[in-house]
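Reader: I would like to read this fold step by step. Please give me the general idea each time, then the case at hand.

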Amino acid sequence: MQPLHPTIEHLKTFYRVCVRASNLLRTIELTRYDTRSQRMVVLIGETIQVEILSNGEELIQ
């Protein structure tokens with residue numbers, strides 16, 4: 001069974017992403033944790049999407 005909550009690694013990376021966005025004066029428009037893929041998604045502004053994998057790796061699009 002897949003975990004229903006983000007991992008510690010998710011949360012550490014999420015915190016770093018939020019601090020970087022804040023330092024650049026960008027708004028965080030949306031955050032979501034997908035239990036099926038075990039990924040967190042953060043939408044920064046209207047154009048930057050960050051996916052955070054369960055191991056804490058971040059994919060920026």
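Author: What follows goes from the overall fold to the sheet, the core and one histidine. Keep in mind that this is a predicted model.

Reader: Start with the inventory. How many helices and strands does the protein chain have?

Author: Count elements, then read their order. The protein chain has 1 helix and 4 strands. From the N terminus the order is α-β-β-β-β. The radius of gyration is 11 Å, close to the 10 Å that the globule rule gives for 61 residues, so the chain is as compact as a globular protein of that length.

Reader: What box do the C-alpha atoms fill?

Author: Along the principal axes, the box is roughly 40 × 20 × 15 Å. Contacts add another view. Take those between residues at least 6 apart in sequence: 39% of them join residues at least 24 apart.

Reader: Now the sheet. In what order do the strands stand?

Author: Read a sheet from edge to edge. Here the order is β1-β2-β3-β4, in an open sheet with antiparallel pairing. β1 (28–34) and β4 (58–60) are the edges; each has a single partner strand, so one side of each lacks a neighbour in the sheet. Neighbouring strands are turned by 15° against each other on average, direction ignored.

Reader: How many bridges join β1 and β2, and what lies between them?

Author: The two strands pair over 6 bridges, in the antiparallel sense. D34 has R39 of β2 as its bridge partner. β1 and β2 form a hairpin with 4 residues between them. Look at Q38 in that turn: its phi is positive, about 55°.

Reader: And the next pair, β2 and β3?

Author: Strand β2 covers residues 39–44 and strand β3 residues 48–52; they pair over 5 bridges, again antiparallel. For a landmark, take M40, whose bridge partner in β3 is I52.

Reader: Which strands does helix α1 touch?

Author: For a helix on a sheet, ask what it contacts and how it is aligned. Helix α1 (residues 8–23) packs on the sheet and touches β1, β2, β3 and β4. Its direction makes about 5° with that of β2.

Reader: Which residues make up the largest nonpolar core?

Author: The general idea first. Nonpolar side chains in soluble globular proteins tend to be buried together. In this model, the largest nonpolar core has 8 residues: V17, A21, Y33, M40, V42, I44, V50 and I52. α1, β2 and β3 each supply at least two of them. β2 gives the largest share, 3 residues. Over the whole protein chain, buried residues make up 26% of the 61.

Reader: Take one core member. What is A21 in contact with?

Author: Leave aside its neighbours within four places in sequence. A21 is then in contact with R26, I28 and I44.

Reader: Now a polar residue. Is H10 buried or exposed?

Author: Check relative accessibility; under 20% means buried. H10 has 0%, so it counts as buried. This residue lies in helix α1.

Reader: What does H10 touch, and what does its side chain reach?

Author: Set aside residues up to four places away in sequence. H10 then touches Y33, Q38, R39, M40, I52, L53 and S54. Several names return here: Q38 from the hairpin turn, and M40 with its bridge partner I52. Closer in sequence, the H10 side chain reaches the backbone nitrogen of T7 at 2.9 Å.

Reader: How far apart in space are H10 and G45?

Author: They are 20 Å apart, C-alpha to C-alpha, and 35 residues apart in sequence.

Terms used
Residues are numbered from 1 along each chain as its sequence is written. This is a predicted model: local features need pLDDT of at least 70, side-chain atom pairs count only at pLDDT 80 or more; totals for chains, interfaces and linings use all residues. Side-chain values use heavy atoms; hydrogens and water are left out. Two strands pair if DSSP finds at least two bridges between them. Axes are lines fitted to C-alpha atoms, for helices over the stretch in contact, and angles run from 0 to 180 degrees between N-to-C directions. Contact means heavy atoms within 4.5 Å. Buried means under 20% relative accessible area, exposed over 50%, partly exposed in between (1.4 Å probe, protein chains only). A polar contact is a pair of N or O atoms within 3.5 Å; within protein, one must be able to donate a hydrogen and the other to accept it, and residues adjacent in sequence count only if both atoms are side-chain atoms. A nonpolar core is a set of buried Ala, Val, Leu, Ile, Met, Phe, Trp, Tyr and Cys residues joined through side-chain atoms within 4.5 Å. The radius of gyration is taken over C-alpha atoms; the globule rule is 2.2 Å times the number of residues to the power 0.38.
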